[in-house]
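Please open the model in your viewer and keep the sequence beside it, since this tour moves from one selection to the next and says what is found at each stop.

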Amino acid sequence: MNKQNLINMRADDISRTLVNLTRDIRRSRELPFEPGLDEEFVYFNDDMFPVSPCSPEDFFKNGKVVKGLKRHLFSFGMFKKICRNSDSLARRAAGLRPSCIYLRPQHTPSPMFRSQCEKLYSAFPEEIGETSSHKTRTGKDLNQYLFLEYIYYMGLLEDRRISSKHISV
């Protein structure tokens with residue numbers, strides 16, 4: 001990971017360097033990721049902004065990404081249904097059985113591994129691409145958490161709240 005870019009991020013660096021997984025994966029047909037994106041990268045959703053210097057250790061530790069996860073049983077509302085869909089596909093991709101409990105990552109910048117995201121996308125291009133075809137959210141969509149949940153189920157995520165060196169609006 002380029003530590004200098006992580007510590008000195010500017011808005012134009014973020015938009016150029018990081019893949020925009022927001023829009024609930026609507027741009028997924030553009031994956032795999034842009035050339036030059038590091039194996040370890042941090043995705044800032046369109047409502048998250050760094051407010052103090054960050055270090056790689058804020059997002060990556062011992063070869064794993066660091067991200068807090070919440071577990072849910074009920075999925076009331078469109079967003080939670082979409083989270084359940086993403087968790088279900090992530091479990092399937094990792095070779096796990098379905099569960100009545102689903103994950104929802106902490107609403108903070110999301111550290112990810114490029115290779116794991118590409119592996120997931122390559123295995124399920126139709127399922128991920130289906131979300132891209134919708135102009136508005138539907139109850140069958142997936143969201144960007146799909147990639148984090150897959151990374152978690154592959155044993156590459158440490159479930160720990162990350163620092164609050166950002167603001168989410």
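Begin by selecting helix α6, residues 145-153, where Y145, L146, F147, L148, E149, Y150, I151 and Y153 are buried, buried meaning under 20% relative accessible area, exposed over 50% and partly exposed in between, with a 1.4 Å probe and protein chains only. Because 8 of its 9 residues are buried, α6 is largely enclosed by the rest of the structure. Helices (H or I, at least four residues) and strands (E, at least two) are DSSP runs, numbered from the N terminus. Just after α6, select G155, which takes a positive phi of about 80°.

Before going further, please note that this is a predicted model, in which local features need pLDDT of at least 70 and side-chain atom pairs count only at pLDDT 80 or more, while totals for chains, interfaces and linings use all residues. Residues are numbered from 1 along each chain as its sequence is written, and side-chain values use heavy atoms, with hydrogens and water left out.

Next, select α3, residues 78-93, which has 16 residues and spans 23 Å from its first C-alpha to its last, close to the 22 Å expected at 1.5 Å a residue; that expected span is 1.5 Å times one less than the number of residues in the helix. Within α3, colour I82, C83, S86, D87, L89, A90 and R91, which are its buried residues, and then display β6, α5 (125-132) and α6, which are among the elements that cover them. Just after α3, G95 takes a positive phi of about 80°.

Follow the chain into the loop between α3 and β6 (102-105), where I101 lies. Is I101 buried or partly exposed? I101 has a relative accessible area of 33%, so it counts as partly exposed. Add L73, F74 and F76 to the selection, and together with I101 they form a nonpolar patch on the surface with about 440 Å² of accessible area, as given by the Shrake-Rupley method with a 1.4 Å probe, for which only the protein chains shown count as cover for residues. Patches are made of residues with over 30% relative accessible area and no salt bridge (a side-chain nitrogen of Lys or Arg within 4 Å of a carboxyl oxygen of Asp or Glu); like charges are joined within 9 Å, and nonpolar side chains (Val, Leu, Ile, Met, Phe, Trp, Tyr) within 5 Å.

Now turn to strand β7, residues 110-113, where S110 and M112 on one side and P111 and F113 on the other are all buried, so that both faces are covered. In a regular strand the side chains alternate between the two faces of the sheet. Strand β1, residues 40-43, runs antiparallel to β7 and is joined to it by 4 bridges, with V42 standing opposite P111; two strands pair if DSSP finds at least two bridges between them.

The last stop is an open sheet of 3 strands, with the order β3-β4-β8 and mixed pairing. Its edge strands are β3 (60-61) and β8 (157-159), each of which pairs on one side only. β3 and β4 (residues 64-67) pair in the antiparallel sense over 2 bridges, with F60 opposite V65, and in their hairpin, which has 2 residues between the strands, N62 takes a positive phi near 50°. β4 and β8 pair in the parallel sense over 3 bridges, and K67 has D159 as its bridge partner in β8.

Notes
Contact means heavy atoms within 4.5 Å.
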